[in-house]
Amino acid sequence: MTTTLDAGPEAGAAQTPYRWRWVALFVILAGEILDLVDALITTIAAPTIRADIGGSAGMIQWLAAGYTLAMAIGLITGGRLGDLYGRKRMFLIGAAGFTAGSLLCGLAVSPEMLVGSRVLQGLFGAVMLPQGLGLIKEMFPPKEMGAAFGAFGPVMGLSSVGGPVLAGWLIDADLFGTGWRMIFLINLPVGIAALLAGLKFLPESKARHASRLDLVGAVLAALGAGLLVYPLVQGRELGWPAWTFAMMAGSAAVFAVFIWYELRKQRAGGDPLVMPSLFRKRGFSGGLTVGIVFFSGMTGFALVFGLYTQLGLGYSPFKAGMAQIPWSAGMIVGFGLAQAVARFGRKVIHGGTVIMTGGVLGIAATLHAAGMGVTPWQLAPALVVTGIGMGLLMAPFFDTVLAGVEPHETGAAGGTLTAVQQLGSALGAAVLGTLFFNLLGEHFTASGAHFEHAMNVTLWVVAGMLALSFAVTFLLPKQPRPDQEPTH
């Protein structure tokens, strides 16, 4: 069965709704689940992986940073590939590549092979994920659009709760003697099912007026991001030689060239990778800053907390995953509360930042009071508060930032914002991971007091990042975009 949908702006409204649209939605959601679960599973699995195949502390950071950095780089062009060559085709290529990358992760025999396979996952995930938004817009009539996008909320919530728990259980269960490898191998049936169902039920779809690829811009953006993240991860282990600082300075220079090139391309009437006009808008530039700082803090906290509970507190992987349930559950509650108080606009983001900061400081206070004998139950209240604040901040964030751009800029702005979210996650794993390991020393033989100190310092840095996010949020528009479908 092959059905073609024309990608005009009113396609969903003008045509008879696509017959298999709800089945196709589940296929798209399967791709979302693959990404959401895999984005954070290594925060639970990293200590076990390192004990099995070796590698330095930097390898633990690269398991998270490599995936999110590749995702950030790929997302910039992933949506345009679907516009040009067909969204169904790109979704299937992305799903096939992601599944193959998962297999290679599960078969990895060295840290280098595993990190490389994680990068492959991220790149193909960036090809797969952007196609879902365009397909949903075309398959569903306006009256069903809200219900279709509404399905993403529960999927995100269940994945955030189930991902760490599933990873911990699979490692401890050691199914068929696979140990940590099963956290990747379990993607195979899901990925194959998504491929087969996608072949049958996803409609053919192309944009009527597709933008051309900006390959030079993509290479410059990737080079600039790589020159920044690589020395942040590797510099500590190498003793911060001069070339690491030269690379970071080179990153700034490459991004300057990138901005110049994009301006030149736009003035020449071409299709720039990122619309330079967006950066002249105070709300959008402020949103990028908040996004980088917040998502850096969130991902860095997740990585360090997973390491602390296992290496410092001696939790098993399953117990460490279970310990994160209050955090994830709080985030789901926060998303729900955000809908109830949406009328307060930007104040919801401010409130979420304050609440999350209180939760982070509550974790620090709990660790100070209970010491290295702290239990998951003692950590639960502060983690719930942290999650509620995170949900309140994240729920209105994208639509609030996008309220400050013109309607014709929304697509480009949303894609840029999502890529920056992933870049922030990569920077969080690099910066906060490096801070944590630097406080511990080179080897994981530090005493309990050292672990407690390293965790507390990291928590205070996260609190500082949230304070910065609170200040910059004043640059955002006061109200989110009205009557728009979700963009994240």
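# Exercises on helices, cores and loops

Leaving out residues up to four places away in sequence, Thr-357 touches Ala-463 and Leu-466 (contact means heavy atoms within 4.5 Å). The model is predicted, so local features need pLDDT of at least 70 and side-chain atom pairs count only at pLDDT 80 or more, while totals for chains, interfaces and linings use all residues. Residues are numbered from 1 along each chain as its sequence is written, and side-chain values use heavy atoms, with hydrogens and water left out.

## Exercise 1: Placing Thr-357

Find the helix that holds Thr-357, and decide whether Thr-357 is buried or exposed.

Step 1. Look along helix H16, residues 346-370: Thr-357 lies there. Helices (H or I, at least four residues) are DSSP runs, numbered from the N terminus.

Step 2. Check the accessibility. Thr-357 has a relative accessible area of 17%, so Thr-357 is buried. The cut-offs are under 20% for buried and over 50% for exposed, with partly exposed in between (1.4 Å probe, protein chains only).

## Exercise 2: Exploring the cores

Work out how many residues the largest nonpolar core has, and which helix gives the largest share of this core.

Step 1. Recall the term: a nonpolar core is a set of buried Ala, Val, Leu, Ile, Met, Phe, Trp, Tyr and Cys residues joined through side-chain atoms within 4.5 Å.

Step 2. The largest such core has 94 residues, and those with the most contacts inside it are Leu-114, Phe-294, Phe-301 and Phe-436. Helix H13 (residues 282-312) supplies the largest share of this core, 14 residues.

Step 3. Zoom in on Phe-436. Setting aside neighbours within four places in sequence, Phe-436 is in contact with Val-304, Leu-307, Tyr-308, Phe-451, Ala-454, Met-455 and Thr-458.

Step 4. Apart from the largest core lies another, of 28 residues, including Tyr-18, Leu-34, Ala-95 and Met-139.

## Exercise 3: H17 and its two partners

Describe how helix H17 crosses helix H18, and then how H13 crosses H17.

Step 1. Two packed helices are described by the angle between their axes and the distance between the axes. Axes are lines fitted to C-alpha atoms, for helices over the stretch in contact, and angles run from 0 to 180 degrees between N-to-C directions.

Step 2. For H17 (residues 376-402) and H18 (residues 410-440), the axes come within 10 Å and cross at roughly 135 degrees. Therefore H17 is oblique to H18. Angles under 35 degrees count as roughly parallel, over 145 as roughly antiparallel, 65 to 115 as roughly perpendicular and the rest as oblique.

Step 3. List who meets whom. H17 contributes Phe-397, Phe-398, Val-401 and Leu-402, while H18 contributes Thr-410, Ala-413, Gly-414, Leu-417, Thr-418 and Gln-421.

Step 4. Now turn to H13 and H17: their axes come within 11 Å and cross at roughly 155 degrees, which means that H13 is roughly antiparallel to H17.

Step 5. On the H13 side of this contact you can find, among others, Gly-283, Phe-294 and Phe-301; on the H17 side, residues including Leu-379, Met-390 and Phe-397 take part.

## Exercise 4: Two unusual phi values

Find which loop holds Asp-174 and Phe-176, and read off their phi values.

Step 1. Most residues other than glycine have a negative phi, and most peptide bonds are trans.

Step 2. Asp-174 sits in the loop between helix H8 (152-173) and helix H9 (182-185). Asp-174 is not a glycine, yet has a positive phi of about 50 degrees. With a relative accessible area of 38%, Asp-174 is partly exposed.

Step 3. Phe-176 is in the loop between H8 and H9 too, and its positive phi is near 55 degrees. At a relative accessible area of 80%, Phe-176 is exposed.

Step 4. Compare position in space: Phe-176 and Ala-194 are 18 residues apart along the chain, and their C-alpha atoms are separated by 24 Å. Ala-194 belongs to helix H10 (residues 187-201) and, at 4% relative accessibility, counts as buried.

## Exercise 5: A buried arginine

Where is Arg-80 found, and what does Arg-80 touch?

Step 1. Arg-80 is in helix H3 (residues 57-85) and counts as buried, at 14% relative accessibility.

Step 2. Not counting residues up to four places away in sequence, Arg-80 touches Ser-211, Arg-212, Leu-213, Asp-214, Asp-271, Pro-272 and Leu-273.

Step 3. Arg-80 and Lys-206 are 126 residues apart in sequence and 9.9 Å apart in space, C-alpha to C-alpha.
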